[in-house]
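Work through these exercises with the model open in your viewer. Try each task before you read its solution.

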Amino acid sequence: YHGWKAEIKAGSEFCLNPDLKIFVYGGIGKDYLKKSAREKILFSNAGKFFTFGVEEKWTQYYFKAGVKPEYTVGKFFIYGDLYVKRPWKVKNKINNFYKEFELDEKTNYGIELGGGVKRIADRFDIYVGGFYEKEKSGKSSRIYSDLMSGLYFYQPETKRETYGLKMGLKF
């Protein structure tokens, strides 16, 4: 697996008291994921196998909306980020079959928790956090096979859970 994500967020910050602020935001983004897999498939009754490789390229565009509270104590802060993500144009292109499947979009969600230190060298904040994101797409429509007459392909319902660690600087 390898891939990338790019997104732009904009919003408004509300200060509830000097130590607690909440950032409410919306955004737009794109995900790309390339996955390669090799499968052993039984070829004949004689017990012979052959290896079949598949390369998938997943893309999706999405809207995102969330709330990010932050609590400060001296130079230290803790934060959370809870958001929903609504994709559109969720596609899976399978190179071996020259097919591109467009999946049904479903609303997804994520959460991030972390903390950091403010005003390092009076220039930036440094932070570290852990995140979890759950995504789900419904199955695609059937596509006729050009390789095997009378067969149809489809992408079944797909689920993906992502756990990670994020470190960064805020200017």
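**Exercise 1.** List the residues that F101 touches in this predicted model, not counting residues up to four places away in sequence.

*Solution.*
- Step 1: Apply the contact cut-off, heavy atoms within 4.5 Å.
- Step 2: Start with V90, K91, N92 and I94, which are among the contacts of F101.
- Step 3: Add S140, S141 and I143.
- Step 4: Finish with F153, Y154 and Q155.

**Exercise 2.** Find the residues that make up the largest nonpolar core, then state which strands each supply at least two of them.

*Solution.*
- Step 1: Keep buried residues, meaning those under 20% relative accessible area.
- Step 2: The largest core then holds seven residues: L33, V54, W58, V90, I94, F101 and L103.
- Step 3: Map them to strands. β3 (49-73), β4 (76-94) and β5 (99-105) each supply at least two.
- Step 4: Set this against a general trend: in soluble globular proteins, nonpolar side chains tend to be buried together.

**Exercise 3.** Trace the pairing of β6 with β4 and with β7.

*Solution.*
- Step 1: Take β4 and β6 (residues 108-120). They run antiparallel, joined by 10 bridges.
- Step 2: Check one pair. I78 has G115 of β6 as its bridge partner.
- Step 3: Move to β7 (residues 124-140). β6 pairs with β7 over 10 bridges, again in the antiparallel sense.
- Step 4: Check a pair here too. Y109 is bridged to K134 in β7.
- Step 5: Inspect the turn. β6 and β7 form a hairpin with three residues between them. In that turn, A121 has a positive phi of about 55°.

**Exercise 4.** Describe the largest pocket: its space, its lining and the classes of its residues.

*Solution.*
- Step 1: The space in the largest pocket is about 570 Å³.
- Step 2: Its lining has 24 residues, and K5, D31, F131, E133 and K166 are the closest to the centre.
- Step 3: Two or more lining residues come from each of β1 (2-17), β2 (20-42), β3, β4, β7 and β10 (158-170).
- Step 4: β1 gives the most, seven residues.
- Step 5: Sort the lining by class. There are 13 charged, eight nonpolar and three polar residues.

**Exercise 5.** Repeat the analysis for the second largest pocket.

*Solution.*
- Step 1: This pocket has a volume of about 330 Å³.
- Step 2: Of its 18 lining residues, L33, W58, T158, K159 and R160 are the closest to the centre.
- Step 3: Cross-check with Exercise 2. L33 and W58 also belong to the largest nonpolar core.
- Step 4: β2, β3, β7 and β10 each supply at least two lining residues.
- Step 5: By class, the lining has seven charged, six polar and five nonpolar residues.

Terms used:
Residues are numbered from 1 along each chain as its sequence is written. This is a predicted model: local features need pLDDT of at least 70, side-chain atom pairs count only at pLDDT 80 or more; totals for chains, interfaces and linings use all residues. Side-chain values use heavy atoms; hydrogens and water are left out. A nonpolar core is a set of buried Ala, Val, Leu, Ile, Met, Phe, Trp, Tyr and Cys residues joined through side-chain atoms within 4.5 Å. Buried means under 20% relative accessible area, exposed over 50%, partly exposed in between (1.4 Å probe, protein chains only). Helices (H or I, at least four residues) and strands (E, at least two) are DSSP runs, numbered from the N terminus. Two strands pair if DSSP finds at least two bridges between them. On a 1 Å grid over the protein atoms alone, a cavity is a set of points where a 1.4 Å probe fits but cannot get out, and a pocket is an open set with protein on both sides within 12 Å along at least five of seven lines; lining residues have an atom within 4 Å of a point. Grid points are joined across faces, edges and corners, and a volume is the space filled by probe spheres set on the points. Ala, Val, Leu, Ile, Met, Phe, Trp, Tyr, Cys and Pro count as nonpolar, Asp, Glu, Lys and Arg as charged, and the others, Gly among them, as polar.
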